Amino acid sequence: MGKSRRTVPEELLLLALDPTTGTTAQPQTLDLGLAGAQLVELSLAGRIVPEGDRIAVVLPRPTGDPTLDHALELLRRRGSPVRAAHWIGGPRLGLRQTYLAHLERCGMVTAVPGQVCGVLPTTRYQASDDCTNAAIKQRLDTAIRTGVPPDPRTAALAALAHSVGLGKHLYPGNEGRSSRSRLRDLIRYDPLGGMVAHAVMDVQNGLPSQQNRSSSGGAQAGAGRPGQRAAGRGAAGGRVAAPRVGVR
């Protein structure tokens, strides 16, 4: 995979990067979104395919992107299709920092060392090319404004941005309410992106652990809380327990 095109995880992180503070919005949920974005990118690269709510590796050949290839190898080692929610909620957190370092190596962001309260060391990140970030946001703006079905990459990016709560970062305040609603609605234009985005929301609502209990202790565990599952399906027609928006 060449670097002429930015990957979906890279674009999601650039969207979350606040140009004023140099920090990322939604740090608590962004790791989950980045894990989901890796699945979308690997699918677009023809390495994996969805099988219901599971992900199967069909071509284990490396993409040339080290972060994606690491994820692909982990999926390959599973040996059988894995549930998207189990993969996204697995013990691979820290992707935000991994991708910030990756973007720095690729020259897409610049790390700026500093201090908090003049004592604690901290690092802030600035996009190396503001036009790049503006172009990514413009794709979402165009899809929202025109109502024309976006390409699968843009639709998946919109679905993931909604799933991790970036709507209020991208379209703040009361004036951004309709745009946030339309951002959510773009989820329907890419089946895989929609499935992955729902899996991200399921993880946030604590459903993977419930599914684990169902597989080990009986089918009734998963069917006992229909209201909880409905909460994770907001973009498909129910309410979403929206993650809190914050910047760290």
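**Exercise 1. Thr-24 and its partner**

Task: In this predicted model, find which side chain makes a polar contact with the side chain of Thr-24, and state where Thr-24 sits.

Solution.
- Step 1. The partner is Arg-96, whose side chain is joined to that of Thr-24 by a polar contact of 3.0 Å.
- Step 2. Thr-24 belongs to the loop that runs between helix 1 (8-16) and helix 2 (27-44).
- Step 3. The relative accessibility of Thr-24 is 2%. The cut-off for buried is under 20%, so Thr-24 counts as buried.

**Exercise 2. Asp-31 and the backbone**

Task: Determine which backbone nitrogens the side chain of Asp-31 reaches, and at what distances.

Solution.
- Step 1. Place the residue: Asp-31 is part of helix 2, and it is buried, at 12% relative accessible area.
- Step 2. One backbone nitrogen is that of Leu-95, reached by the Asp-31 side chain at 3.1 Å.
- Step 3. Another is the backbone nitrogen of Arg-96, which is 2.6 Å from a polar atom of the Asp-31 side chain.
- Step 4. Combine this with the first exercise: Arg-96 meets the side chain of Asp-31 through its backbone nitrogen and the side chain of Thr-24 through its own side chain.
- Step 5. For a spatial reference, the C-alpha atoms of Asp-31 and Pro-9 are 10.0 Å apart, with these positions 22 residues apart along the chain.

**Exercise 3. A backbone angle in the loop**

Task: State what is notable about phi of Gln-26, and whether Gln-26 is buried or exposed.

Solution.
- Step 1. Phi of Gln-26 is near 55°, which is a positive value in a residue that is not glycine.
- Step 2. Gln-26 lies in the loop between helix 1 and helix 2, as does Thr-24.
- Step 3. With a relative accessible area of 1%, Gln-26 is buried.

**Exercise 4. Helix 1 against helix 6**

Task: Work out how helix 1 is oriented with respect to helix 6, and which residues make the contact.

Solution.
- Step 1. The two axes come within 10 Å and cross at roughly 100°.
- Step 2. Angles of 65 to 115 degrees count as roughly perpendicular, so helix 1 is roughly perpendicular to helix 6.
- Step 3. Helix 1 contributes Glu-11, Leu-14 and Leu-15 to the contact, and helix 6 contributes Thr-132, Asn-133, Ile-136, Lys-137, Arg-139 and Leu-140.
- Step 4. Check burial in helix 1: nine of its nine residues are buried, so this helix is largely enclosed by the rest of the structure. The buried residues include Glu-10 and Glu-11.
- Step 5. Look at two contributors from helix 6. Thr-132 is buried at 18% relative accessibility and touches Arg-6 and Leu-14, leaving aside residues up to four places away in sequence. Asn-133 is likewise buried at 18%, and with the same exclusion it touches Leu-14 and Ala-127.
- Step 6. Asn-133 and Pro-19 are 114 residues apart along the chain, yet their C-alpha atoms are separated by 9.6 Å.

**Exercise 5. Helix 7 against helix 10**

Task: Decide whether helix 7 and helix 10 are roughly parallel or roughly perpendicular.

Solution.
- Step 1. The axes of helix 7 (residues 152-163) and helix 10 (residues 191-204) come within 8 Å, crossing at roughly 10°.
- Step 2. Helix 7 and helix 10 are therefore roughly parallel.
- Step 3. On the helix 7 side the contact is made by Ala-156, Ala-159, Leu-160, His-162 and Ser-163; on the helix 10 side, by Gly-193, Val-196, Ala-197, Val-200, Met-201 and Gln-204.

**Exercise 6. Where to trust the coordinates**

Task: Identify which element has the lowest mean pLDDT, and over which residues pLDDT stays under 50.

Solution.
- Step 1. Start with the whole protein: the mean pLDDT is 81, and 79% of residues reach 70 or more.
- Step 2. Count the elements: there are 13 helices and five strands.
- Step 3. Helix 13 (residues 226-231) has the lowest mean pLDDT among them, 35, while strand 2 (residues 54-57) has the highest, 96.
- Step 4. The stretch with pLDDT under 50 is residues 208-248. The model does have 74 contacts beyond four places in sequence for this stretch.
- Step 5. Where pLDDT is low, predicted coordinates should not be read in detail.

Notes: Residues numbered from 1 in each chain as written. Predicted model: local features only at pLDDT ≥ 70, side-chain atom pairs only at ≥ 80, totals over all residues. Heavy atoms only, no water. Buried < 20%, exposed > 50% of the residue type's maximum accessible area, 1.4 Å probe, protein only. Contact = heavy atoms within 4.5 Å. Helix = DSSP H or I, 4+ residues; strand = E, 2+ residues; numbered from the N terminus. Polar contact = N/O pair within 3.5 Å; in protein donor to acceptor, adjacent residues only side chain to side chain. pLDDT = per-residue confidence, 0-100. Axes fitted to C-alpha atoms, helices over the stretch in contact; angles between N-to-C directions. Parallel < 35°, antiparallel > 145°, perpendicular 65-115°, else oblique.
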